[in-house]
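Here's a quick briefing on a protein chain and the ligand that goes with it. Have a look at the model first, then read on.

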Amino acid sequence: MHWPNCTSDPPWTWIEQVTSHNRDGRVSPYTAHMALIDVSTTSAHYAIHIEPGLITRVGEMIRAVAPAGRAMLVADEALVDLYVAPVSQSLSDAGFETIIGTVEADEIHKSLLSVNHLYGAALKGNLERSSPIIALGGGVIGDLAGFAAATFMRGVPFVQIPTTLLAMVDASIGGKTGVNLPMPSSDDAAAPALAKNLVGAFWQPRVVLIDPNVLATLDRRHFNCGLAECIKHAILADRSLLEFIGEHASALQELNQAKLLELITRCAQIKADVVAADEREAGPRALLNLGHTFAHVIEPISELGLHHGEAVAIGLCAAAHCARMTDRLSEDDAKQIEQLISVVDLPTQLPRPIAVDTLMRAMLHDKKVQAGQLRLVLPTSIGSAEIINDVPDNIVRDSWKAVAASP
Ligand SMILES: NC(=O)c1ccc[n+]([C@@H]2O[C@H](COP(=O)([O-])OP(=O)(O)OC[C@H]3O[C@@H](n4cnc5c(N)ncnc54)[C@H](O)[C@@H]3O)[C@@H](O)[C@H]2O)c1
C-alpha cells in the first residue's frame, strides 16, 4: 500500500488549441431513436439528451446552453484517438475556441493536484466566467472536471458528455462533483490509500449529452460496472427494471441499440427523479448510496483490484445480506439480487479475504457515519430501500463475512 504520490508530474497532456472555423458539408447523423429527460432541481433545470450518433453534434447543443467563445474540454486520455476529434470539431463548428486537456482516468488522478492543473490551464487559456468546462469521459473525468467547474471563478458552466455506462446512468446526473483525498498513513497493509470523494461540491451541469454508440469501445468489464449502478437503481425504485436487466442481459452486453437506449433512459430517469426530489442529499437522495458504504471501503484497497462498479456489486450483496439479517428483505429478493449480479459477470464476494476489523475501521472514515454511528441504506424489497442509523456492529461484521471477509 502506498501513499498516493502527490508530487509527481502532472498527469495532463495539452493537445492543441482549436480555433474557430466552420467545416462545410458536415453530415449530422440523425436517428429517430432518442430520448430527452428534464432534470429539475431547486438550483437548476437542464436536459439529458440520449441519442446514438450525438457525439458529432455536441457543439451546437452546448451552444444552446453557453455562449460561444472560450471553452475547456477535459477528456479521458484513452479517448484521444476515439472521440476528442469529433467533439472538438463540433465545438469549433459551433463557434467555441477550445483548450483541450487529457488526463488518465484513474482514481489517483481524481485529486486536488489535478484540479490545480486545471485551474492553471483555465487561467492560461483565459477562460471567462461564462466559458464552459466540458467533461468527456467516465465518472472520474466528470467528477474531476465538475469540481473544477464548480470552483473556478466561484463556478463556470459545466457540461457532461459521459462515455461509460456508469457515468451515463449515474455519475453525470445530479451535480455531485469532487475528488479523493489521501488517507493518513497506516501500518495496516490492507488499509485503503484514498478517502473517496471527500472534497466536493454540488454543481449541476447545464446539459448532459449521452451518445450510447460510444459504448462500442468500452471494454466488457467496465460495461458490467455500469450494470452494477443500473441494478442499484432497479433495487431502489423499479422491480420491473431488475427483471428487464435479467431478461436482456446478453442483448445489453452485446450493445443491442434499442435495449441499451431503454436501459439508459429508464436508469437516467430514476436518477433524475431522485435528484429532483432532494438535490442536496438532505433526505431521499441518500438512498442512492445503496451498496456504496461498503463499496467505498473496498474500492481503494489496491490488492483487491476492484473497479468502482465491481465494488458496488459486492456492496449491494453485503447490503442485501445485512437487510436479510435484520429481517428487512425476503430471502427470495436477496437471492434474486445476488443472482442477477452474478449473471452479468459481476463479483458477489471479495476476490481476496480482507480482515473484518480492517473493513470496519475504514467504514468509520466514510462520510456516511453520523455521530459515530454507521448510516446504511438497506433494501426493504426490490423496488424500495430505507436509511438505517442503528444497524448493530455485529450485523455489519456478519454482512462483511457474507461477502467473504475474513474473521
Ligand atoms: N458524481 C456522482 O454522482 C458519481 C456517481 C457514481 C460514481 N461516481 C464516480 O465515478 C467514478 C467511476 O466512473 P467510471 O466507472 O465511469 O470510471 P472511469 O471514468 O475510470 O472509466 C472507466 C474506464 O473506461 C475508460 N473509458 C471511458 N469511456 C470509454 C469509452 N467510451 N471507450 C473506451 N474506454 C472508455 C476509461 O479510460 C477508464 O479506463 C468513480 O470515481 C466514482 O466515485 C460518481
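Buried residues account for 49% of the 407 residues in the protein chain, where buried takes 20 or more other C-beta atoms within 10 Å of a residue's own, with C-beta atoms placed from the backbone. Keep in mind that this is a predicted model: local features need pLDDT of at least 70, side-chain atom pairs count only at pLDDT 80 or more, and totals for chains, interfaces and linings use all residues. Numbering starts from 1 along each chain as its sequence is written.

**Fold**
- The protein chain has 14 helices and 14 strands, taken as DSSP runs (H or I, at least four residues, for helices; E, at least two, for strands) numbered from the N terminus.

**Core**
- In the largest nonpolar core, 124 residues strong, Val-74, Ile-134, Leu-136, Ile-231, Leu-316 and Ala-319 touch the most other members; such a core is a set of buried Ala, Val, Leu, Ile, Met, Phe, Trp, Tyr and Cys residues joined through C-beta atoms within 7 Å.
- Helix α11 (residues 308-325) gives this core its largest share, 11 residues.
- This core lies between domain 1 (13-218) and domain 2 (282-402) because both give residues to it; the domain bounds come from an automatic or database domain assignment.

**Ligand shell**
- Ala-78, Gly-138, Gly-139, Thr-164 and Ala-171 come nearest of the 29 residues around the ligand, counted when the C-beta atom, placed from the backbone, lies within 6 Å.
- Elements giving two or more residues to this shell include α4 (139-151), α5 (165-171) and α11.

Note on methods. A residue is buried if 20 or more other C-beta atoms lie within 10 Å of its own, exposed if 12 or fewer, and partly exposed in between; C-beta atoms are placed from the backbone.
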